[in-house]
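Here's a quick tour of a protein model, with an eye on packing, cysteines and charge pairs. Have the viewer open and follow along.

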Amino acid sequence: MKIPSVLPQFKRFALYERAMTPKSIKEIMAIVQLFADENTQSIHLITTNHIRNFLHQRKYEKMWTNKTFRNKRQYLKTFFDYCIRENYIQINPVTKIEKPKLEKRLPRCLNKKQTTQLLMQVDTYSWHYQTAFLRNQTIIRFFLFTGVRLNELLKLKTRNLNFEESEILIEQGKGRKDRIIPIHPELSPYLKAYAKAQKHRKIHSEFFFTSIRSNKGLTEKNLYAIVKKLRIACGFYFSPHMLRHTFGKLSIEANLNPFKLKEIMGHSNISTTQIYISVSTENIKKSFFKLHLI
């Protein structure tokens with residue numbers, strides 16, 4: 001049995017039984033197919049060295065980061081775990097390949113001055129339509145006051161905003177988990193103003209953030225076009241994910257309990273949330289400056 005003949009079965013298993021996301025399945029299929037193109041022998045003849053040489057060569061050619069190397073290794077391991085399950089092999093050849101240590105990098109964030117400048121630019125930028133003005137104001141603040149991920153914002157449904165309870169339901173976020181995010185008082189007026197404008201335009205869409213010319217949900221391409229204009233206006237670089245990190249840092253600086261922040265941001269582990277304590281130097285400096293060292 002060779003890999004190409006097993007891939008269709010694996011795809012069905014991953015989709016229907018493991019309930020993996022289409023994106024994850026696509027990434028696994030891609031690296032397994034690439035490996036199969038270079039290693040045409042039967043599955044039971046594939047060794048750890050075959051896989052190790054493949055990964056090492058790709059890391060050298062593509063200049064993979066350690067994180068990318070680990071991800072590709074895991075994708076191959078997932079496929080060969082399936083092969084064990086189906087009794088094509090007895091031992092997973094990927095297991096003996098070491099996972100390189102990840103670089104310990106602090107997430108990039110905007111400082112308070114940059115955050116203020118960004119809000120000023122989005123509020124004064126000459127958008128072509130009034131609805132675009134309201135929408136883009138709301139989008140930037142939504143990132144900064146909720147800490148949502150890019151895909152979570154794009155997939156946000158109108159029905160998931162509860163203004164009476166001041167709550168936003170994020171459906172099937174990372175890890176396919178639902179969570180509730182409180183609506184911050186400074187965000188609420190912008191959400192309501194944009195929702196009112198959409199209603200006035202008689203835009204009926206399941207998505208909260210839509211295209212200006214239709215009821216279709218905003219796309220990643222649309223969003224990055226907005227971000228690009230604001231980057232130029234601000235004179236500094238930022239990305240939607242940097243705004244998520246900025247929310248995390250500002251929340252810690254405002255003394256929000258890290259365990260509460262963990263739930264808002266949808267982290268699976270508190271250690272991920274605690275990195276914002278390292279990013280935030282504001283509270284550290286305040287405490288340090290009060291010390292009598294000598």
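## Around Phe238

Start with Phe238: skipping neighbours within four places in sequence, this residue is in contact with Leu110, Leu118, Val227, Leu230, Arg231 and Leu243. Keep in mind that this is a predicted model.

Phe238 also shows up in the largest nonpolar core, which has 47 residues; Phe142, Leu153, Phe209 and Phe238 are the ones touching the most other members. Two or more residues of this core come from each of α5 (112-124), α6 (130-146), α7 (150-154), β2 (167-170), α8 (188-200), α9 (220-234), α10 (240-253) and α11 (258-265). The largest share, nine residues, is from α6. There's also a second, separate core of 30 residues, with Phe13, Ala14, Phe35 and Trp64 among them.

## Greasy bits on the outside

In soluble globular proteins, nonpolar side chains tend to be buried together. For a nonpolar group on the surface, look at Phe288, Phe289, Leu291, Leu293 and Ile294: they make up a patch with about 690 Å² of accessible area together. Phe289 sits in helix α13 (residues 282-289) and is exposed, at 64% relative accessible area.

## Buried spots worth a click

Ile89 is in the loop between α4 (66-85) and α5, yet is buried at 9% relative accessible area. Leaving out residues within four places in sequence, Ile89 is in contact with Ile43, His44, Phe80, Cys83 and Ile84. Its C-alpha is 8.9 Å from that of Leu45, and the two residues are 44 apart in sequence.

Two polar side chains are worth a look as well. Gln121, in helix α5, is buried with a relative accessible area of 16%, and beyond its neighbours within four places in sequence it is in contact with Leu230, Ala233 and Cys234. His245, in helix α10, is buried at 15%; not counting residues up to four places away in sequence, His245 touches Pro107, Arg108, Cys109 and Tyr276.

## Cysteines

How many disulfides does the structure hold? The count is zero. Take Cys109: the closest cysteine sulfur belongs to Cys234, and at 16 Å that's too far for a bond. Cys83, for its part, is buried, with a relative accessible area of 0%.

## Charge pairs

Side chains of opposite charge can pair when their charged atoms come close. The salt bridge count here comes to eleven. One of these pairs is Asp123 with Arg141, whose closest N and O atoms are 2.7 Å apart. Asp123 is in helix α5 and Arg141 in helix α6, so this salt bridge ties together parts that are 18 residues apart in sequence. Arg141 counts as buried at 6% relative accessibility, while Asp123 is partly exposed at 25%.

Lys157 and Glu206 form another salt bridge, with the closest N and O atoms 3.6 Å apart. This pair links distant parts of the chain, 49 residues apart: Lys157 is in the loop between α7 and β1 (161-162), and Glu206 in the loop between α8 and α9. Lys157 is buried at 16% relative accessible area, whereas Glu206 is partly exposed at 45%. Then there's Arg85 with Glu86, where the closest N and O atoms are 2.8 Å apart. Both residues belong to a salt-bridge network with Glu17. Arg85 is partly exposed at 45% relative accessibility, and Glu86 is partly exposed at 29%.

Definitions and conventions:
Residues numbered from 1 in each chain as written. Predicted model: local features only at pLDDT ≥ 70, side-chain atom pairs only at ≥ 80, totals over all residues. Heavy atoms only, no water. Core = buried A, V, L, I, M, F, W, Y, C linked by side-chain atoms within 4.5 Å. Buried < 20%, exposed > 50% of the residue type's maximum accessible area, 1.4 Å probe, protein only. Helix = DSSP H or I, 4+ residues; strand = E, 2+ residues; numbered from the N terminus. Contact = heavy atoms within 4.5 Å. Patch = residues over 30% accessible without salt bridge, like charges linked within 9 Å, V, L, I, M, F, W, Y side chains within 5 Å. Areas by Shrake-Rupley, 256 points an atom, 1.4 Å probe, with all protein chains shown as cover. Salt bridge = Lys/Arg side-chain N within 4 Å of Asp/Glu carboxyl O. Disulfide = S-S within 2.5 Å.
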